[in-house]
Every structure is written in C-alpha cells, then in structure tokens.
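Hi,

Here is the structure I said I would pass on. Have a look at it first, and my notes follow underneath.

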Amino acid sequence: MKFWIFMLSADLLIPVIMVLFGHIYEKKPPQKPKSKFAYAGYRTKMSMINIETWEYAHRFFGKLWFRFGIVLGVTSIIVLLFVIGKDKDTIGFVGMIVCYVQIVVMILPAIPTEMALRKNFDKNGKRKIL
C-alpha cells in the first residue's frame, strides 16, 4: 500500500504542475519574451516575436494546460485505482506507463497553440484581420 501511495503521489506531480502553471500563464503571462529574466514560459519562435504574440500564446497554452492537467490528474487516479493492492512490479509498471502518457499529453498543447498563433498573427507578429 505504501508503494501505491508513493506511485500515486509521483504520478500526480505532472498534472498538478500543469494545472498550477496553466492557471498562472492564463491569468498573468511571464515577463516580456526578450527579457533577460524571462527564462520560463512558452518559448517558441512564433510566440517570442513580440509582446502581443507572447501574451496570446501564454493565455492560449495556459488554458489548455489547465484543462489537460485536470483531465490527466483524474485519469491517473482512476487508472491507479485499478492496481491498488497489486504487487510492486505491477504498480510500478502501470505507474511508469501513466507517467509516459502524461509526458506526451504535457507536450501536446503546443500543437494547437502554434496553429492558433499562425491563424491569428502573420510571420512578423502583426495580428491578422479575421
């Protein structure tokens, strides 16, 4: 049971981080993209063109990360409930698979974010008239 609790705690780290940073990015994006103190954030070529693309990307990405994080956390708990009381090898294997899936899901929101940036801004960062 102790190992199951440990694995549950470990597998909830990524969803909790996604929910927290998703909320932060959506409400208040990090400092300007070219700032020497802006180490964190959604840093792609398109998002760093200017402050408008930077803020748009963070708000869009943050909203997705927040939602994906909640779904990922609930799903992880449900999956791990199926192995409660099993041997350590089974719990560890399922926990590892859950972690790998979480890593993939953590990266996925970058695709719709880049698509939204390209849909709303030209290559120079000027907002398109839709």
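Let me start with the surface: Lys27, Arg59, Lys63 and Arg67 together form a positive patch. Bear in mind that this is a predicted model. The biggest contributor to the positive patch is helix α3, residues 51-81, which gives three residues. Arg59 sits in helix α3, and because its relative accessibility is 35%, Arg59 counts as partly exposed. The cut-offs behind that call are under 20% for buried and over 50% for exposed, with partly exposed in between.

Now for the inside. Which residues make up the largest nonpolar core? There are 12 of them: Ile14, Met18, Tyr25, Tyr42, Met46, Ala57, Phe61, Trp65, Leu72, Val105, Leu117 and Phe121. Helices α2 (13-27) and α3 each supply at least two residues of this core. The largest share comes from α3, with four residues. So if you colour just one helix, you could pick α3, because it gives the most to the positive patch and also the largest share of this core.

One last spot to click on is Gly125, in the segment after α5 (110-120). Is Gly125 buried or exposed? Its relative accessible area is 3%, so Gly125 is buried. Try showing it together with Met46, one of the residues of the largest nonpolar core. Gly125 and Met46 are 79 residues apart in sequence, yet their C-alpha atoms are 7.5 Å apart in space.

Cheers

Methods. Residues numbered from 1 in each chain as written. Predicted model: local features only at pLDDT ≥ 70, side-chain atom pairs only at ≥ 80, totals over all residues. Heavy atoms only, no water. Patch = residues over 30% accessible without salt bridge, like charges linked within 9 Å, V, L, I, M, F, W, Y side chains within 5 Å. Areas by Shrake-Rupley, 256 points an atom, 1.4 Å probe, with all protein chains shown as cover. Salt bridge = Lys/Arg side-chain N within 4 Å of Asp/Glu carboxyl O. Lys, Arg positive; Asp, Glu negative; His and termini not counted. Charge placed at Lys NZ, Arg CZ, Asp CG, Glu CD. Buried < 20%, exposed > 50% of the residue type's maximum accessible area, 1.4 Å probe, protein only. Core = buried A, V, L, I, M, F, W, Y, C linked by side-chain atoms within 4.5 Å.
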